[in-house]
Amino acid sequence: MIITLLTDFGSADSYVAEVKAVLVTRAPGVTLVDISHQIAPGDIRAGQYLLGRSWKHFPPGTVHLAIVDPGVGSARRAVAAEHDGHRFVAPDNGLLSFMPKGARFVSLPVPASAAATFHGRDVFAPVAARLATGAELSAAGEPISDPCYEPLPAPRHDHLSVIGEVIYVDRFGTLVSNIPGDAVQPGARIRVEGTEAGSLRRTFRDVARGALVAFVGSGGTIEIAVRDGSAARQLGAGVGAEVRA
């Protein structure tokens, strides 16, 4: 059994360890896989992007525990969901918006003993452990039909170009757009906030050091990077910057 973890907890405090302590205690023998704990605090969109591109690479039966929860302790619901043989446990704040609307969702009860500021440990982790050890989704909570749905923005067309935006910036300063690689012609020219990034290339080594390069990244969308540098720093661009193909 596998449980993946994605949080904005970082590594300076004990929060990740406390969540893992619950998981290994309640699901002995579980394999824990860290997707990331370096999401910027409260950055739900970044969490949605990383979980949305990574979950499908795990085998069916995997439980995905995602905790980016700026509304912890508020009226926002805690949920678990099921899709394509995978289970997900997360706050109901849009983090799971990459899932199809036909996915099954349940609302989780919040124990009175749960710390109001740490539902990751006291609400989500126990449910993830139960699901990983064979519990049915229906046993975790009450069915709901209206989960929070705030998907990442989609690109649009203006007859001449595909117009998208940067939806994520990785640790290398690469600008990840929402424009699918198969939505543009080979050799299409890419612009970021009006700056020419050249035609689509295959990889970083296709340009000189320090030059901008646009390519279809491993997530299937157009990305803009600087060979041996940072496109985010060089262009002064970040999430929301316009990208045109």
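**Close-up 1. Helix α2 and the strands it packs against.** The buried residues of α2 pack against β1 (2–7), β2, β3 (63–67), β5, β9 and β10. Like everything shown in these views, this comes from a predicted model. Helix α2 is mostly covered, with nine of its 11 residues buried. If you would like to find them on the helix, the buried residues are Ile44, Ala46, Gly47, Gln48, Tyr49, Leu50, Leu51, Gly52 and Ser54. Two of these names, Tyr49 and Gly52, come back in the next view, among the residues nearest the centre of the largest pocket.

**Close-up 2. The largest pocket, with a volume of about 440 Å³.** Its lining is made up of 18 residues, and those nearest the pocket centre are Tyr49, Gly52, Arg53, Leu152 and Gly219. Which elements give two or more residues to this lining? They are α2 (44–54) and β10 (175–180). Helix α2 provides the largest share, four residues. By residue type, the lining of the largest pocket holds eight nonpolar, eight polar and two charged residues.

**Close-up 3. The second largest pocket, with a volume of about 300 Å³.** Here 16 residues form the lining, and Gln38, Ile39, Leu50, Tyr168 and Val169 lie nearest the centre. At least two lining residues come from each of β2 (31–36), α2 and β9 (162–169). Leu50 should look familiar, as one of the buried residues of α2. The lining of the second largest pocket divides into 10 nonpolar, three polar and three charged residues.

**Close-up 4. The aromatic pair of Tyr15 and Phe118.** The whole structure contains seven aromatic pairs. In the one formed by Tyr15 and Phe118, the ring centres are 5.6 Å apart and the planes meet at 80°, an edge-to-face arrangement. Tyr15 belongs to helix α1 (residues 15–26) and Phe118 to the loop between β6 (104–107) and α3 (119–132), so the pair ties together parts that are 103 residues apart in sequence. How accessible are the two partners, buried or partly exposed? Tyr15 is partly exposed, at 39% relative accessibility, while Phe118 is buried, with a relative accessible area of 8%. Look for Phe9 here too: Phe9, Tyr15 and Phe118 form one aromatic cluster.

**Close-up 5. The aromatic pair of Phe88 and Phe98.** With ring centres 5.8 Å apart and planes at 70°, the pair of Phe88 and Phe98 is edge-to-face. Phe88 sits in strand β5 (residues 86–91) and Phe98 in the loop between β5 and β6, so this pair ties together parts that are 10 residues apart in sequence. Phe88 is buried, with a relative accessible area of 0%. Its partner Phe98 is partly exposed, at 24% relative accessibility.

**Close-up 6. A charge over a ring: Arg171 and Phe172.** These two residues give a simple view to follow. The charged end of Arg171 sits over the ring of Phe172, at 5.5 Å from the ring centre.

**Close-up 7. Arg227 and its contacts.** Arg227 is found in the loop between β14 (221–226) and α4 (231–235). Is Arg227 buried or exposed? At a relative accessible area of 14%, Arg227 falls under the 20% cut-off and so counts as buried. Leaving aside residues up to four places away in sequence, Arg227 touches Phe204, Arg205, Val207, Ala208, Arg209, Gly210 and Ala211.

Notes
Residues are numbered from 1 along each chain as its sequence is written. This is a predicted model: local features need pLDDT of at least 70, side-chain atom pairs count only at pLDDT 80 or more; totals for chains, interfaces and linings use all residues. Side-chain values use heavy atoms; hydrogens and water are left out. On a 1 Å grid over the protein atoms alone, a cavity is a set of points where a 1.4 Å probe fits but cannot get out, and a pocket is an open set with protein on both sides within 12 Å along at least five of seven lines; lining residues have an atom within 4 Å of a point. Grid points are joined across faces, edges and corners, and a volume is the space filled by probe spheres set on the points. Ala, Val, Leu, Ile, Met, Phe, Trp, Tyr, Cys and Pro count as nonpolar, Asp, Glu, Lys and Arg as charged, and the others, Gly among them, as polar. Rings of Phe, Tyr and Trp (its six-membered ring) pair if their centres lie within 6.5 Å; planes under 30 degrees apart count as stacked, over 60 as edge-to-face and the rest as tilted. Buried means under 20% relative accessible area, exposed over 50%, partly exposed in between (1.4 Å probe, protein chains only). A charge sits over a ring if NZ of Lys or CZ of Arg is within 6 Å of the ring centre and within 35 degrees of the ring normal. Contact means heavy atoms within 4.5 Å.
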